[in-house]
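Let's take a walk through this structure together. Keep the sequence and the 3D view open while you read.

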Amino acid sequence: VRPITFLSDYGVADEFVGVVHAVLARLAPGATVIDLSHGVPRHAVLHGALALARTVPYAPPGVHLAVVDPGVGGDRRAVALRTREEDRLLVGPDNGLLLPAAERFGGVAEAVDVTTSAWRLEPVSATFHGRDVFAPVAGRLAAGAALADAGERLDPAGLVALSVPPPRTEAGGLVVRVVAVDGFGNVELLAGRDDLGPDGLRPGRIIEVRSGRARLVATLARTFGDVDEGEPLVYEDSSRALAIAVRGGDAAGLLGVQPGDEIRVAAVPGASG
Amino acid sequence: VRPITFLSDYGVADEFVGVVHAVLARLAPGATVIDLSHGVPRHAVLHGALALARTVPYAPPGVHLAVVDPGVGGDRRAVALRTREEDRLLVGPDNGLLLPAAERFGGVAEAVDVTTSAWRLEPVSATFHGRDVFAPVAGRLAAGAALADAGERLDPAGLVALSVPPPRTEAGGLVVRVVAVDGFGNVELLAGRDDLGPDGLRPGRIIEVRSGRARLVATLARTFGDVDEGEPLVYEDSSRALAIAVRGGDAAGLLGVQPGDEIRVAAVPGASG
Amino acid sequence: VRPITFLSDYGVADEFVGVVHAVLARLAPGATVIDLSHGVPRHAVLHGALALARTVPYAPPGVHLAVVDPGVGGDRRAVALRTREEDRLLVGPDNGLLLPAAERFGGVAEAVDVTTSAWRLEPVSATFHGRDVFAPVAGRLAAGAALADAGERLDPAGLVALSVPPPRTEAGGLVVRVVAVDGFGNVELLAGRDDLGPDGLRPGRIIEVRSGRARLVATLARTFGDVDEGEPLVYEDSSRALAIAVRGGDAAGLLGVQPGDEIRVAAVPGASG
């Protein structure tokens with residue numbers, strides 16, 4: 001039996017996550033099930049897709065179940081994918097959620113439409129495909145069933161992809177998307193060190209950060225300890241993305257931003273902390 | 001070793017759930033432990049009982065530990081039960097929490113009072129029987145000990161049952177109890193499709209929903225996608241119960257309701273969305 | 001493969017905990033991993049240290065990973081310790097977090113500096129040593145690797161210890177530190193029954209509780225059921241510590257206290273509930 005990872009926007013306030021675990025335990029007895037995160041903001045497919053792509057490479061090869069699914073009950077497809085490298089299996093809605101993770105393993109080698117899989121739990125509810133469609137497919141695959149038996153073969157080229165806007169330059173600054181806000185209020189951006197120009201991550205650079213609500217003057221730092229309590233910093237976070245934080249504070253709260261919002265980031269010429 | 005499920009009102013802010021897992025790992029090494037939910041509102045026995053009854057059938061047969069226990073430290077009994085079908089074992093307080101789940105498996109075949117079980121961890125605290133009484137009993141049962149050795153045999157007819165008020169008709173509407181509010185603010189009612197009259201779940205019906213604080217005019221829908229963003233809907237949720245939601249919003253917050261509150265639901269004659 | 005416990009201040013809103021589980025699953029396949037708690041308040045080392053010391057004794061001997069690490073990315077050391085009794089292995093930052101738990105097992109028999117362990121995941125991030133340093137060390141130790149191979153031997157006498165102020169008497173009352181606030185608002189104090197004088201926990205004693213914001217007149221009780229709904233009580237909690245609660249209410253909210261704050265507790269002479 002193969003390990004299973006599970007990521008969703010279900011939260012931990014109710015029994016959604018627990019019931020999915022129950023279904024998996026029934027179909028794949030003895031499987032290790034790893035909860036990667038259930039704190040993806042509700043219906044935030046891009047956030048979930050990037051979180052999945054960041055976390056799955058740390059997990060052992062196996063079955064990777066992910067559910068962030070605003071289209072549940074509509075006509076979006078449910079899919080199971082096999083990656084070119086490491087034979088990882090990804091299971092979830094066909095809304096772009098799975099593809100960035102698949103790219104980390106050479107892309108999709110084989111895809112199956114499991115919308116009407118024979119493995120579904122009947123009757124299938126309109127709103128809880130995590131339990132009725134995705135978990136049964138993930139569980140049986142983990143237990144060793146063949147991907148081809150999960151549903152109808154489909155052309156990987158027809159899978160729905162996310163459009164991820166690259167950072168753009170505007171009035172001398174970089175306008176970037178907020179990907180995630182963690183439990184501490186740290187703000188992760190859809191940008192990396194190269195987006196900060198030739199000086200990149202040189203510590204001590206002064207970076208102006210602007211949202212619709214507020215303006216922070218932050219120091220480029222390697223770690224929280226490099227700035228004083230209460231001071232803003234820009235840094236490369238543990239996913240190698242640019243991030244904004246306030247030491248001992250809540251940067252997202254100050255900026256009033258959520259995943260999907262845009263922020264303007266600009267180096268202040270000549271200034272240094 | 002048998003699988004164990006665990007449901008409680010402990011929340012995940014502190015170490016209560018973790019310590020119960022620690023005790024289980026010691027007594028039933030290698031057991032799969034499935035957290036069904038720890039988000040039951042504090043001391044909400046009816047909510048917990050219904051959540052347990054909804055979720056346990058998805059889990060493999062085994063030991064089902066549940067702790068929602070306002071009477072801890074008082075004179076309520078601690079019990080372990082065996083169901084007539086599938087030989088499932090239920091462990092928890094004797095306050096009605098376990099019985100709806102037992103009913104899903106033909107009712108209680110055998111009951112044991114474990115209040116002073118020889119398996120308890122001494123000294124038994126006054127406030128944390130999850131750790132000191134229930135987990136030790138659940139862990140040893142999962143490891144294969146006999147139910148009869150857990151404590152004193154007791155007559156299942158003497159178990160405490162919950163009184164669950166059925167929906168009632170009032171002024172042309174249906175007055176129903178709120179069973180649960182999920183992490184999205186969706187409101188689950190103690191009512192099913194048959195309570196909506198002969199038209200049942202016909203999509204497009206207009207349903208007036210009234211609480212003490214607010215009134216929503218909702219559309220009967222099969223899924224969230226059937227209404228516009230921000231619009232209220234009434235639907236059959238994944239537990240086959242009637243539920244109220246606002247697409248992309250927080251129905252419980254708008255209505256100002258919590259589990260246990262009553263709501264009046266009435267079809268608007270002739271109207272259709 | 002040995003069981004692993006995991007305690008941190010990561011919270012459950014994002015994927016930090018999940019990624020650590022992923023790394024552990026890769027390095028110690030089949031290991032039972034027990035989440036003791038991830039609700040330690042951010043950077044609250046004393047709180048985390050006491051929670052670890054309270055919970056680890058309930059877990060089977062194995063590897064005990066703990067991360068509450070305000071100094072991450074600075075020059076604090078990362079360490080792995082072996083206890084004198086039961087051969088438990090503790091892995092975490094060298095900031096005092098691990099020592100109270102080690103004391104429960106006779107203290108530290110062997111200590112290793114793993115800051116630059118050969119087992120680290122490269123490149124090591126500046127901010128997420130849970131993933132890049134601590135989890136790889138914990139996982140390999142659980143899988144059977146030798147502690148001596150984890151890094152450089154170090155003298156246990158040089159480990160950083162926490163200074164924990166004992167309760168002090170002031171103006172006829174006892175000034176004690178708040179150790180923890182649980183999810184219900186119950187306030188755990190760094191004090192035990194002996195700190196309440198010769199009458200100790202005699203039920204019915206009246207105890208005045210004062211914080212900077214409020215004053216509560218509480219009854220010394222054995223359990224919540226001993227006082228009326230809405231009434232304050234002082235009791236011995238499940239960790240054998242003195243605690244303050246309001247039945248069905250939020251004592252910490254009323255008192256306006258957080259872990260680390262001080263509270264004055266004084267028996268009211270002659271009074272009895």
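Below is a tour of the chain contacts, a helix pair and a few backbone details.

## Before we start

This is a predicted model, so to speak of local features we need pLDDT of at least 70, side-chain atom pairs count only at pLDDT 80 or more, and totals for chains, interfaces and linings use all residues. Residues are numbered from 1 along each chain as its sequence is written, chains are lettered from A and ligands numbered from 1 in the order in which they are written, and side-chain values use heavy atoms, with hydrogens and water left out.

## Where chain B meets chain C

Let's begin with chains B and C. Here 26 residues of chain B touch 28 residues of chain C, where contact means heavy atoms within 4.5 Å. The size of an interface is often given as the accessible area lost when the parts come together. For chains B and C that buried area is about 2,200 Å², with 55% of it on carbon and sulfur atoms (buried area is the accessible area, taken with a 1.4 Å probe, that two parts lose on being put together, summed over both). On the chain B side, E15(B), R26(B) and R42(B) give 28% of the area buried against chain C, more than any other three residues.

How many salt bridges does the rule find across the interface of chain B and chain C? There is one, counting a side-chain nitrogen of Lys or Arg within 4 Å of a carboxyl oxygen of Asp or Glu. The partners are R54(C) and E15(B), at 2.7 Å from N to O. So E15(B) turns up in both the top three for area and the salt bridge.

Helix α1 of chain B (residues 16-27) brings eight residues to this side, the largest share; helices (H or I, at least four residues) and strands (E, at least two) are DSSP runs, numbered from the N terminus. By class, the side of chain B that touches chain C has 14 nonpolar, six polar and six charged residues. In this scheme Ala, Val, Leu, Ile, Met, Phe, Trp, Tyr, Cys and Pro count as nonpolar, Asp, Glu, Lys and Arg as charged, and the others, Gly among them, as polar.

## Where chain B meets chain A

Now look at the contact with chain A. It takes 28 residues from chain B and 26 residues from chain A. The buried area is about 2,200 Å², and carbon and sulfur atoms give 55% of it. Which three residues supply 31% of the area that chain B buries against chain A? They are Y58(B), F184(B) and S238(B), and no other three give more.

The rule finds one salt bridge across this interface too: R54(B) pairs with E15(A), and the closest N and O atoms are 2.7 Å apart. Six residue pairs are in polar contact between chain B and chain A, with both residues at pLDDT 80 or more. (A polar contact is a pair of N or O atoms within 3.5 Å; within protein, one must be able to donate a hydrogen and the other to accept it, and residues adjacent in sequence count only if both atoms are side-chain atoms.)

Two elements of chain B, β2 (33-37) and α2 (45-55), give two or more residues each to the side that touches chain A. The largest share, four residues, comes from β2(B). Sorted by class, this side has 11 nonpolar, 10 polar and seven charged residues.

## Two helices packed inside chain B

Next, zoom in on α1(B) and α4(B). They pack at an angle of about 35°, with their axes 9 Å apart. Axes are lines fitted to C-alpha atoms, for helices over the stretch in contact, and angles run from 0 to 180 degrees between N-to-C directions. The crossing is right-handed, meaning the near helix is turned clockwise from the far one by less than a right angle (anticlockwise would be left-handed).From α1(B), the residues V19(B), V20(B), V23(B), L24(B) and L27(B) meet a set in α4(B) that includes A135(B), P136(B) and A138(B). By class, the contact has eight nonpolar, two polar and two charged residues.

## Backbone details

Finally, check the backbone. The peptide bond from E122(B) to P123(B) is cis, with omega near -5°, and P123(B) lies in the loop between β6 (108-113) and α4 (129-142) of chain B. In chain A, a cis peptide bond joins E122(A) and P123(A), with omega about -5°.

Chain A also has E86(A), a residue other than glycine with a positive phi, near 65°. You'll find E86(A) in the loop between β4 (78-83) and β5 (89-93) of chain A.
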